[in-house]
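User: I would like to go through the side-chain packing of this model with you. Could we take the aromatic residues and then any internal space?

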Amino acid sequence: MNPDFLIIGGGVIGLTSALELARDGARVTVLERGVAGAESSWAGGGILSPLLPWNYPDAVSRLCDLGVGLYPRWSADLISSSGIDPEFQVSGMLVLPPVDEIAAEHWCVQHGWRHSYEPAQQRVPGLARNSSALWLPDVAQVRNPRLVQALRVAVLDAGVNLLEGVEVTQAARAGLARIDYLDTSQGKLQASAYIVAAGAWSQSVLGEIAPHWPIKPMRGQMLLFKAAPDLLPHIVYREGIYLIPRRDGHILAGSTVEDVGFDKSTTEAVGQMLYRAATDILPALQSVPLVQHWSGLRPGSPDNIPTIGRHPLVENLYANTGHFRYGVTMAPASARLLTDLIAGRKAALDMTAYQWTL
């Protein structure tokens, strides 16, 4: 029996969409060209906030806020259904100067964010400098690899059919108004409706069905240090570089935004730049092991605004993609919005900014 939905892409957005639809009563199959959750969903840092939210359009902030609001219960539910803790925690974030204090103050007041200015070393004693810094106590994080592991177990437990190592080669239309089937590396697959959640590969999957869709890969490189668990108590951000502490002492340093196509290689120059920046912020990192350097391809989109909705011409084709840097943050909200849209329920947000346009 054909499923109700075929979801193209098994990253955090595809898996979360599948889970939400399955729990809404739908029969769902997820197609993943590689291993579920192994692309940008795995590679990111997991800060559950736009890095400096006052620099983004309101459409980004609203979707992130909705996602973060769902995270405590969603994370607890994933632990219950999978037995895997995605390590959701409120770490707080310290924003080191330079900070646009006027813009930050206006945004925080407008959106009800707690904030204060205090000496940086009061929050993080090991920082190199003790300048006045912006403290955002409610910024949270999640550990990406554990999140996708938990999601994978949860979707299987919910009855979702997960097909890994299956690549879509063409979406075949019956006339102009409907997708009839998908040509894949495992033959033709059919469903009542199709959802594109293929991240950086979303436009290339659809080809002529979405010829001008402005979603493209944007590489980000990261470093991973292994320190004592108490070395860094909070997330720290300075001029595009962030340090993220994990519970077990690992510290992530990132990240770049590079327009290099589908090149996932790491570069020595960027590795050295990240190392210098990280150790300049927190000198003690010079004395701990550097254990990994990796990259991932984000689904770049104009202004970081994703596409969540139905294709304007193809009635059984939907998208949940283009989340750029904030797919993990937006995932539970995006899946809820898409499921409500499909079911004809009133959405929690005005969906105008996320519509699929040609």
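User: Are Y71 and F88 buried or exposed?
Analyst: In this predicted model, Y71 and F88 are both buried.

User: How many aromatic pairs does the structure hold?
Analyst: There are 8 aromatic pairs in the structure. In one of them, the ring centres of Y71 and F88 lie 5.8 Å apart with the planes at 15 degrees, so this pair is stacked.

User: Where in the chain do Y71 and F88 sit?
Analyst: Y71 belongs to helix α3, residues 58-82. F88 lies in the loop between α3 and β3 (89-90). The two are 17 residues apart, and their pair links distant parts of the chain.

User: Which residues form an aromatic cluster with Y71?
Analyst: W74 and F88 join Y71 in one aromatic cluster.

User: And what about the rings of W107 and W113?
Analyst: Their planes are at 85 degrees and their centres 4.9 Å apart, so W107 and W113 make an edge-to-face pair. W107 has a relative accessible area of 7% and is buried, the cut-off being under 20%.

User: Moving on to internal space: how many cavities of 30 Å³ or more are there?
Analyst: The structure holds 1 such cavity. The volume of the largest cavity is about 30 Å³.

User: Which residues line the largest cavity?
Analyst: The lining consists of A210, P211, H212 and W213, together with W356, T357 and L358.

User: How does that lining of the largest cavity divide by class?
Analyst: It comprises 5 nonpolar and 2 polar residues, with no charged residues.

Note on methods: Residues are numbered from 1 along each chain as its sequence is written. This is a predicted model: local features need pLDDT of at least 70, side-chain atom pairs count only at pLDDT 80 or more; totals for chains, interfaces and linings use all residues. Side-chain values use heavy atoms; hydrogens and water are left out. Rings of Phe, Tyr and Trp (its six-membered ring) pair if their centres lie within 6.5 Å; planes under 30 degrees apart count as stacked, over 60 as edge-to-face and the rest as tilted. Helices (H or I, at least four residues) and strands (E, at least two) are DSSP runs, numbered from the N terminus. Buried means under 20% relative accessible area, exposed over 50%, partly exposed in between (1.4 Å probe, protein chains only). On a 1 Å grid over the protein atoms alone, a cavity is a set of points where a 1.4 Å probe fits but cannot get out, and a pocket is an open set with protein on both sides within 12 Å along at least five of seven lines; lining residues have an atom within 4 Å of a point. Grid points are joined across faces, edges and corners, and a volume is the space filled by probe spheres set on the points. Ala, Val, Leu, Ile, Met, Phe, Trp, Tyr, Cys and Pro count as nonpolar, Asp, Glu, Lys and Arg as charged, and the others, Gly among them, as polar.
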